[in-house]
Amino acid sequence: MTEQGPPQPGADHPPRMGFFTDTSVCIGCKACEVACKEWNAVPADGLELTGMSYDNSRRLSSDTWRHVAFIEQRKPLGGQEPGVSHDNVDIFRAAAGLGVTIASPGPGATAPAPADALPGAPAGETSPLAPDGRTELRWLMSSDVCKHCTHAACLDVCPTGSLFRTEFGTVVVQEDICNGCGYCIPACPYGVIDQRPDDGRAWKCTLCYDRLGVGAEPACAKACPTDSIQFGPLEQLRERAASRVAQLHSAGVLDARLYGEDPQDGVGGDGAFFLLLDEPEVYGLPPDPVVTTRDLPSMWRYAAAAAVTLTAGVAVSFLGRSHR
Amino acid sequence: MSESDVTPEGVRGARPGREAVTGRAAGRRRRGGRGERPVVPEAEFSTYYGMPVLNPPRWEALDIAGYLYLGGLAGASSLLAAGAHLTARRRLALVAKSSATGAVSLSLVALIHDLGRPERFLNMLRVFKPTSPMNVGSWLLAGYAPLTMAALLSDVSGRYRPAGAAATAGAAVLGPLVTTYTAVLLADTAVPSWHDGYRQLPFAFAGSGAAAAAGVGLLAAPVAETAPACKLASLGAGLELGSTQVMKRRIVLTSEPFEQGHAGTLMRASKALTVGGTLLAVCAGRRSRVAASVAGAALLAGSAMLRFGVFRAGVASAEDPKYTVVPQRARLKKQRNKPSAATS
C-alpha cells in the first residue's frame, strides 16, 4: 500500500533528480557536511570527538544531513602496489625535468623499475604486508545522505502530509506542517530522518529543494572537490555509475559495487545511490532495506481479524447460562 | 561519547588508541544478561563501529506505551459496556463506560503530550491517509472518543436513552479497532521486532485489551455482575499468551529482545500478573469482593506491562544493529539461492 512513486518525467515534470555518491574517490574532506550545514542553516550538533575515527558526526540525524563515514580495514585497495618503494628516486632531479622534456612529468616519472620491488611484494600484485612489516590497510570514506526512496516509508506513514514528493521526485518535509509526531523516524529503513529535540519537528536532507528550483545543484555536490558526489537526472547517473563500476572492476578493484540503484529492490530504488567498496553494513547501511508499508495491507487485515476475534470473545463472555 | 575512568584497578573504559585493530569485527559485545541463553547462535556480521543502522523511535515510553495500553483498555471496555448494556447489567455497564471514556481521554492526552509540536495536533486531521496508521488512528479516535463520552453522559444522567444506546453501540463497533490498530501502528515501522511480529501483535493486543477491560469490571463492578468479566479475562489472557507464544516461535532472531533485558522483565511480569489475575478471577472473582479487586488490579497491571514490554523490546531491537543486519543478510542469501524468488 505504498504511495505512488516519483512522477514520471513528462511535460509538466522535470526528470527525477538524484545523487550518485562514488565513494571510491571520496577523500573524507567533509566539505559536503559543511556546505550542507551552511546552505540549509542546520544548527550545530555539538563538538564531540568520538575517538573511533575521524568521524565525529557519527550518523545522519536531524542536524546532520550529510555524514562522512570513515572505515579502516586490514586490506589493500585493488590495484595498489604497496611493495614498491621510492627510496632511490631523486625527487629534485625528477622535478628539474618538469616541462623540459615531453615525457615529464608523465606517468611513471618517479616510479622505480619493476626489478627494484622487494621480494614478497611484486609490483602489480597486492601484498598484505609492506616491506617494513607494517600491515597494509585501506581507508574507506563515504558521504551518506537521505536516499530519497522511490517507495519512501517516511512519506507513507506521515499522518499530516507534511512529508511530500516534489516535482523532482525527491522527498521533503514541510516544516510548517510537521507536528513532531515522530512516526517517520522508526519508519525509515536507513535511519536518516530524526527529531530535533529542542524544536520537536522531524528534519532531513531536502536534496536542496530551494536550489533545485532555480536550476542550481545541491550544496554538497557543489562543494565536493573530487566529484564523489554527483548530482543529475537519475537515469543519467545510473548509466554513469554502471560504467564506473565496470571501469573499477577492470582496474582490479573487484570490491566495487552499486548500492540502492536497483529499481527492483525493497524500496523501489534510491534517488540517492552509492558506489561502495565493501558490504553496505560496513558503512552502517542496511544490506536489504524494505519499505515497511509493503506489508501494510496484510497488517490491516490481521488487525481487522484481531478486532473481530475480540468482539467474538466479548460476545461469548455474555452468552451461556450465568447467574449474572 | 564514552569517557574513561581512573580507578584503583587501572583505567576503565579507555579507548584502544594506537593499539586499535582495524577491520571487520564480529558483531558487538554482548551486554551481560543474567544467565539468559541466546535463542540462536551468534552470527558474524559487520557493523559501522557497532552503531545502530536505524534511528530508534524518539517516543517517550510513558506517553506512547501508555497510549497503547489506554487505547486497548478503552476499546475493549466499550465492547464490555455494550454487552452489559444489552444484558441489563447496569452497574457493570456504567463501570465499563466510565473506563472507556476515562482511558480514551487519557490516551489522547498522552498522544498529544508526546508530539514535538502539541499545538499542531489537529494537523493529523488535515488529510485522510490509509498508508499512515497514525492518521487512520487519529480519525478513529476522533470518531470514537465522542461516542464513549455520549454513552457515559447518557447513562449517568439517565436522559436521551435511545441516543445513549446508539452511542454505546457505535463505540462498541469502533472500540475493537481502537484496540488492535495500535499493533499496526508499531508494526508499520522498520523496527525489526515490531515489524516482524505484525501477524501476532494485533491478537496479543486484543487479548491484552480484553483482559484489562475485564480487570476494570472485576475491580469496580459489584461481584454479582462480574460473571462476563471473569469469562472475558480468561479468554483475553488465553489469546494474549497464545499469540505472544506463537510470535516467539515464528520469528526467530527478532523475538530475542522480547526476552532480554528490561523488556524481558516486563514481559515476564506481564505474563505472571495476567495468569495470576485470571486464575484468581475465575476461582474467586464471583464470590469475594477482595479477590475480584486483586484479580482486576493484576489484570490491569499485566496488560500495561505487556505494552511497555513490547515498546521496550522494539526500541532495543532498533538500537542493536544485529537485528537489522542479520535478518536482511539471511534474506539476501535466500534470494540468491532461489533466483526465481528474487523479485519477491
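**Strand β1 of chain A and the A–B contact**

Trainee: In this predicted model, what makes strand β1 (residues 17–22) of chain A largely enclosed by the rest of the structure?

Mentor: Six of the six residues of β1(A) are buried, so the strand is largely enclosed. A residue is called buried if 20 or more other C-beta atoms lie within 10 Å of its own.

Trainee: Which residues show that both faces of β1(A) are covered?

Mentor: On one side Met17(A), Phe19(A) and Thr21(A) are buried, and on the other Gly18(A), Phe20(A) and Asp22(A) are buried. In a regular strand the side chains alternate between the two faces of the sheet.

Trainee: Why are β1(A) and strand β8 (residues 229–233) of chain A said to pair?

Mentor: Pairing requires at least two bridges, and β1(A) and β8(A) have five, in the antiparallel sense. Within β8(A), Phe231(A) is the bridge partner of Phe19(A).

Trainee: How many bridges join β1(A) to strand β10 (residues 272–276) of chain A?

Mentor: Four bridges join them, and the two strands run parallel. The criterion of at least two is therefore met. Phe20(A) stands opposite Phe273(A) of β10(A).

Trainee: How many residues does each chain bring to the contact between A and B?

Mentor: Chain B brings 77 residues and chain A brings 67. On the side of chain B, α4(B) gives the most, with eight residues. The residues of that side divide into 42 nonpolar, 22 polar and 13 charged.

Notes:
Residues are numbered from 1 along each chain as its sequence is written. Chains are lettered from A and ligands numbered from 1 in the order in which they are written. This is a predicted model: local features need pLDDT of at least 70, side-chain atom pairs count only at pLDDT 80 or more; totals for chains, interfaces and linings use all residues. Two residues are in contact if their C-beta atoms, placed from the backbone, lie within 7 Å. Ala, Val, Leu, Ile, Met, Phe, Trp, Tyr, Cys and Pro count as nonpolar, Asp, Glu, Lys and Arg as charged, and the others, Gly among them, as polar. A residue is buried if 20 or more other C-beta atoms lie within 10 Å of its own, exposed if 12 or fewer, and partly exposed in between; C-beta atoms are placed from the backbone.
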